[in-house]
Amino acid sequence: MLNNPDIILPEPTLRRLPWYLAYVEILKARNVEYVSSTQISRALNVDASQIAKDLSFLSLKGKTRIGYEVEALAGTLADFLGFTTSHKAYVFGAGSLGAALMQDSGLSNYGLEIVAGFDVDPDKVGKTVAGVRIHHIDSISDVMRKAPASIGILTVPVECAQETADIAIGEGIKAIWNFTPYRVKVAEGIVMANTSIYAHLALIFNRLNADA
């Protein structure tokens, strides 16, 4: 059953499912009707048996010698991942990264709707970015009443990360998507995801230096 709260996917599986979705969406646009785990494996460099195991969590089974129906697979993956349901979010920090996320119309295709931004810079407060109004962080209670959201996206300076997360959670935010390099601490029950651009940059630099 899709979105069954009793189904707890291993995190590595959950991270791979969007890869599969992106690939089958390409096939869908090309009017390809069926795809096998072997074909997905060759395209994404993931073992075919692992792909079959991952998809089994969704109660999906391919047909022998045919594979999975592309359109059904794409729809099932998108639904399971929550991409077909709108989730409202606030961006905390309207600098270059925060503004870029607000302007990223592609996020809405995956169910993320940014409805407000917050900052403390008077040059940013009161302005709009891609139709998203920037508010002062002190007005979050009022904004939450008028346009509630469940997800807080942190793009603030590192020294403000924990305090901003605490404010957001205190006002009812249920999930934090953290783009800062600071490891924010949250209470039990709050969903937490870290996307560290700097960590991946360090990985790239390290591998480049090792190969030099």
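**Close-up views of a predicted model**

**Figure 1. Gly82 and the buried residues of helix 4.** Gly82, just after helix 4, has a positive phi of about 85°. This is a predicted model, in which local features need pLDDT of at least 70 and side-chain atom pairs count only at pLDDT 80 or more, while totals for chains, interfaces and linings use all residues. Residues are numbered from 1 along each chain as its sequence is written, and side-chain values use heavy atoms, with hydrogens and water left out. Helix 4 spans residues 70–80, and its buried residues are Val70, Leu73, Ala74, Thr76, Leu77, Ala78 and Phe80. Here buried means under 20% relative accessible area, exposed means over 50%, and partly exposed lies in between (1.4 Å probe, protein chains only). The buried residues of helix 4 pack against helix 1, helix 2 (37–44) and helix 3, and also against strand 1 (34–35) and strand 2 (68–69). Helices (H or I, at least four residues) and strands (E, at least two) are DSSP runs, numbered from the N terminus. Contact means heavy atoms within 4.5 Å.

**Figure 2. The salt bridge between Arg15 and Glu11 in helix 1****.** The closest N and O atoms of Arg15 and Glu11 are 2.6 Å apart. A salt bridge is a side-chain nitrogen of Lys or Arg within 4 Å of a carboxyl oxygen of Asp or Glu, and the structure holds 5 of them. Both residues belong to helix 1 (residues 11–29), where they are 4 residues apart, about one turn of the helix. An α-helix has 3.6 residues a turn, so residues three or four places apart point the same way. Arg15 counts as exposed because its relative accessibility is 55%. Glu11, with a relative accessible area of 48%, is partly exposed.

**Figure 3. The salt bridge between Arg16 and Asp54****.** In this pair the closest N and O atoms are 2.7 Å apart. The pair links distant parts of the chain, with Arg16 in helix 1 and Asp54 in helix 3 (residues 48–56), 38 residues apart. Arg16 is buried, at 16% relative accessible area. Asp54 also counts as buried, with a relative accessibility of 0%.

**Figure 4. The salt bridge between Lys88 and Glu113****.** The side chains of Lys88 and Glu113 meet at 2.7 Å, N to O. Lys88 is in strand 3 (residues 87–92) and Glu113 in strand 4 (residues 112–119), so the salt bridge ties together parts that are 25 residues apart in sequence. Lys88 is partly exposed at 34% relative accessibility. Glu113 is partly exposed as well, with a relative accessible area of 33%.

**Figure 5. Ala165 and its contacts.** Ala165 is part of helix 8 (residues 161–170). With a relative accessibility of 0%, Ala165 counts as buried. Apart from neighbours within four places in sequence, Ala165 is in contact with Leu154 and Val184. From Ala165 to Met192 the C-alpha to C-alpha distance is 10 Å, and the two residues are 27 apart in sequence.

**Figure 6. A nonpolar surface patch that includes Ile197 and Phe205****.** The patch covers about 600 Å² and is made by Ile197, Tyr198, Leu201, Ile204, Phe205 and Leu208. Patches are made of residues with over 30% relative accessible area and no salt bridge; like charges are joined within 9 Å, and nonpolar side chains (Val, Leu, Ile, Met, Phe, Trp, Tyr) within 5 Å. Accessible areas come from the Shrake-Rupley method with a 1.4 Å probe, and for residues only the protein chains shown count as cover. Ile197 lies in helix 9 (residues 197–211), as does Phe205. Ile197 is partly exposed, with 41% relative accessible area. Phe205 is partly exposed too, at 45%. Phe205 and Trp177 are 28 residues apart in sequence, with their C-alpha atoms 24 Å apart in space.

**Figure 7. The chain around these views.** The secondary structure comes to 9 helices and 9 strands. Along the principal axes, the C-alpha atoms fill a box of roughly 60 × 50 × 35 Å. The chain has 212 residues, of which 37% count as buried. Among contacts between residues at least 6 apart in sequence, 59% join residues at least 24 apart. About 12,600 Å² of the chain is exposed, and carbon and sulfur atoms supply 54% of that area.
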